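Visitor: Please take me through this structure by question and answer, with the criteria stated as they arise.

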Amino acid sequence: MKRVMILAGTVAALMVGGQAAAADGKAVFDKTCKACHMAMKPKMGDKAAWAPLIAQGEAALVASVMKGKKPMPPKGGAANEADVKAAVEYIISQSK
Ligand code: HEC
């Protein structure tokens, strides 16, 4: 039953994403990361907060999210590394 619900959620996310590919960074962010990253630092779009993080490079940020950091759970709560990577790319694109 849980599997079915996860599948239904995935299909819904894909539909919301329109023509988007498997990992749509904005969709992952809106669903999984937004609650924290609109409320807590580093906040989405906060250029000053993200500049030193972006400077570490995307791969380092993806690795950090995969491990989890303080209140952030492993993978930031996302389903897999592809989703984490897409969401990190989306954050970077909106925060520099
Ligand atoms: C439970 C809240 C929470 C969720 C959910 C969450 N984050 Fe975070 N995230 C944080 C907090 C808090 C930090 C700052 C951690 C610190 O440096 O103390 C952080 C840090 C980061 C960083 C910087 C990592 C670093 O090395 O400093 C990135 C990138 C990031 N989050 C991306 C994401 C992405 C992408 C998602 C969704 C897939 C996500 N986060 C979900 C709370 C969250």
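Visitor: In which helix do Asp30 and Lys34 both lie?

Guide: This is a predicted model, in which local features need pLDDT of at least 70 and side-chain atom pairs count only at pLDDT 80 or more, while totals for chains, interfaces and linings use all residues. Residues are numbered from 1 along each chain as its sequence is written, and side-chain values use heavy atoms, with hydrogens and water left out. Helices (H or I, at least four residues) and strands (E, at least two) are DSSP runs numbered from the N terminus. Asp30 and Lys34 are four residues apart, about one turn, and both belong to helix 2.

Visitor: At what N to O distance do the side chains of Asp30 and Lys34 meet?

Guide: A salt bridge requires a side-chain nitrogen of Lys or Arg within 4 Å of a carboxyl oxygen of Asp or Glu. Asp30 and Lys34 form one such pair, and Lys26 joins them in a network of salt bridges. The N to O distance between Asp30 and Lys34 is 3.9 Å.

Visitor: Is Asp30 buried, exposed or partly exposed?

Guide: Buried means under 20% relative accessible area, exposed over 50%, and partly exposed in between (1.4 Å probe, protein chains only). Asp30 has 32% relative accessibility, and therefore counts as partly exposed.

Visitor: At which residue does helix 2 bend?

Guide: Helix 2 spans residues 25-37, yet its end C-alpha atoms are only 14 Å apart, short of the 18 Å of a straight helix. That expected span is 1.5 Å times one less than the number of residues. A bend is the angle between axes fitted to the seven residues ending at a position and the seven starting there. The bend in helix 2 is about 55°, and its position is Lys31.

Visitor: The backbone oxygen of which residue lies 2.8 Å from a polar atom of the side chain of His37?

Guide: His37 is found in helix 2 and is buried because its relative accessible area is 13%. Contact means heavy atoms within 4.5 Å; leaving out residues up to four places away in sequence, His37 touches Phe29, Pro42, Lys43, Met44, Trp50 and Met72. The backbone oxygen 2.8 Å from the His37 side chain belongs to Pro42.

Visitor: Which helices do the buried residues of helix 2 pack against?

Guide: The buried residues of helix 2 are Gly25, Val28, Phe29, Cys33 and His37. Their packing partners are helix 3 (47-55) and helix 5 (81-94).

Visitor: Which element gives the largest share of the largest nonpolar core?

Guide: A nonpolar core is a set of buried Ala, Val, Leu, Ile, Met, Phe, Trp, Tyr and Cys residues joined through side-chain atoms within 4.5 Å. Of the 16 residues in the largest one, Phe29, Val84 and Val88 touch the most other members. Two or more residues come from each of helix 2, helix 3, helix 4 (58-67) and helix 5. The largest share, six residues, is given by helix 5.

Visitor: How far apart are the closest N and O atoms of Glu58 and Lys85?

Guide: Glu58 is also among the contacts of Val88, with Leu61, Val62 and Val65, once neighbours within four places in sequence are set aside. Glu58 and Lys85 form a salt bridge, which links helix 4 to helix 5 across 27 residues. The closest N and O atoms of Glu58 and Lys85 are separated by 3.6 Å.

Visitor: How many salt bridges does the structure hold?

Guide: Lys85 also pairs with Glu89, at 3.0 Å between the closest N and O atoms, both residues being in helix 5. For the structure, the number of salt bridges is four.

Methods
Polar contact = N/O pair within 3.5 Å; in protein donor to acceptor, adjacent residues only side chain to side chain.
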